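Here is a set of short exercises, each followed by a worked solution. Take a look at the sequence and the structure, then try each task before reading on.

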Amino acid sequence: MVKLVMVRHGESIANALNQYTGWNNVGLTHEGRIQAHVAAKKLRGFEFEHVHTSVLKRAIITAYIIQDDLNLNYVPITKSWRLNERHYGALRGQNKDATRREFGVEQVHQWRRSFYSVPPKLAQPDPNVGPYKYFDANIMPVAESLYEAYQRIVPYYVDHVAPRLLDNKDQLIVAHGSTIRALIKYIEGISDKDIDGVEVANGTPLIYEFDEKLNIISSNRQDQ
């Protein structure tokens, strides 16, 4: 029996301000750091053998706190843009309530929760700087649906997480709400329509136990 644990980062500054974040690189609030410590307490005794996270610091800091609290700082960590949050395009940085007033509650719900709806796009991609400075500009998104994010997230899981699980090595993924929703959809085989109802709370560990063929034995997900 092997375990996969996924944790959405603690509350970010943008979460506290009720803003769309996407690829904006914001830090954690004080409450977000507390949530990361609480997540670590819930994982006491879980000795994962590899950590996977995005290149966004709210996820990286959460992962570091969990590793530190569990005295697992020595465990290898991989940071990949493929585990980044969904790109919210031109909505990024805007207040969610303000967009509901401007575009309507139903339209905003579609942008946020549906599998295929794409939010308003940026006029052009962000510049290739920081963790993206060596990337082909063509891979930089101007906005993403959850479906489009799924296309980059799931191959990472298949190539870098699943093989370690098949080798009976417990894994920890610390990422973002949309990242984890995409992985839940893939792991559980959730339909395009039903993924709309899946919620991922900040700092709450989601634990899967698999058999030797990665069939789910148990899960603590509450809204199944």
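**Exercise 1. Find how many bridges join strand 1 to strand 4, and say whether the two run parallel or antiparallel.**

Solution. Please keep in mind that this is a predicted model.
- Step 1: Strand 1 and strand 4 are joined by 5 bridges, and they run parallel.
- Step 2: For one example of this pairing, take Leu-4, whose bridge partner in strand 4 is Gln-171.
- Step 3: Now turn to strand 2 (residues 50-53), which is parallel to strand 4 and joined to it by 4 bridges. His-50 has Gln-171 as its bridge partner in strand 4.
- Step 4: Put the strands into the whole sheet: 6 strands form an open sheet in the order 3-2-4-1-5-6, with mixed pairing. At the edges are strand 3 (77-79) and strand 6, each of which pairs on one side only. From one strand to the next, the twist averages 20 degrees.

**Exercise 2. Decide whether strand 4 is enclosed, and list which residues are buried on each of its faces.**

Solution.
- Step 1: Count the buried residues. In strand 4 they are 5 of 5, so the strand is largely enclosed by the rest of the structure.
- Step 2: Sort them by face. Gln-171, Ile-173 and Ala-175 are buried on one side, and Leu-172 and Val-174 are buried on the other.
- Step 3: Look for a helix lying across this part of the sheet. Helix 3 (residues 57-69) lies across strand 1, strand 2, strand 3 and strand 4, and runs at about 140 degrees to strand 4.

**Exercise 3. Work out which residues have the most contacts inside the largest nonpolar core.**

Solution.
- Step 1: This core has 30 residues, and those with the most contacts inside it are Leu-4, Met-6, Tyr-157, Ile-173, Ile-184 and Phe-210.
- Step 2: Ask which elements supply it. Strand 1, helix 6, strand 4, helix 7 and strand 5 each give two or more residues, and helix 6 gives the most, with 10 residues.
- Step 3: Follow Leu-4 outwards. Beyond its neighbours within four places in sequence, its contacts include Tyr-157, Val-161 and Leu-165, as well as Ile-173, Ile-187 and Phe-210.
- Step 4: Check for another core. A second, separate one has 15 residues, including Val-5, Val-7, Ala-40 and Val-51.

**Exercise 4. Compare the span of helix 7 (residues 177-188) with what its number of residues predicts, then find what covers the helix.**

Solution.
- Step 1: With 12 residues at 1.5 Å a residue, helix 7 should span 16 Å. Its end C-alpha atoms are 16 Å apart, which agrees.
- Step 2: Of the 12 residues in helix 7, 10 are buried, so the helix is mostly covered. Among them are Gly-177, Arg-181, Ile-184 and Lys-185.
- Step 3: The cover over these buried residues includes strand 1 (2-8), helix 5 (105-113), helix 6 (146-166), strand 4 (171-175), strand 5 (206-210) and strand 6 (216-219).
- Step 4: Look just past the end. Helix 7 is followed by Gly-189, whose phi is positive, near 70 degrees.

**Exercise 5. Establish whether Lys-185 is buried or exposed, and which residues it touches.**

Solution.
- Step 1: Lys-185 is found in helix 7.
- Step 2: Its relative accessible area is 7%. Buried means under 20%, so Lys-185 is buried.
- Step 3: Not counting residues up to four places away in sequence, Lys-185 touches Phe-115, Tyr-150, Ile-190, Ser-191, Asp-192 and Ile-195.
- Step 4: Take one of these, Tyr-150: it is 35 residues from Lys-185 in sequence, and the two are 9.1 Å apart in space, C-alpha to C-alpha.

**Exercise 6. Classify two aromatic pairs by the angle between their ring planes.**

Solution.
- Step 1: The structure holds 13 aromatic pairs.
- Step 2: In the pair Tyr-116 and Tyr-147, the ring centres are 5.2 Å apart and the planes are at 40 degrees, so the pair is tilted. Tyr-116 lies in the loop between helix 5 and helix 6, and Tyr-147 in helix 6, 31 residues apart. Tyr-116 is partly exposed at 47% relative accessibility, and Tyr-147 is partly exposed at 34%.
- Step 3: In the pair Tyr-208 and Phe-210, the centres are 5.9 Å apart and the planes are at 15 degrees, so the pair is stacked. Tyr-208 is buried at 0%, and Phe-210 is buried at 1%.

Technical notes
Residues are numbered from 1 along each chain as its sequence is written. This is a predicted model: local features need pLDDT of at least 70, side-chain atom pairs count only at pLDDT 80 or more; totals for chains, interfaces and linings use all residues. Side-chain values use heavy atoms; hydrogens and water are left out. The expected span of a helix is 1.5 Å times one less than its number of residues. Buried means under 20% relative accessible area, exposed over 50%, partly exposed in between (1.4 Å probe, protein chains only). Contact means heavy atoms within 4.5 Å. A nonpolar core is a set of buried Ala, Val, Leu, Ile, Met, Phe, Trp, Tyr and Cys residues joined through side-chain atoms within 4.5 Å. Two strands pair if DSSP finds at least two bridges between them. Axes are lines fitted to C-alpha atoms, for helices over the stretch in contact, and angles run from 0 to 180 degrees between N-to-C directions. Rings of Phe, Tyr and Trp (its six-membered ring) pair if their centres lie within 6.5 Å; planes under 30 degrees apart count as stacked, over 60 as edge-to-face and the rest as tilted.
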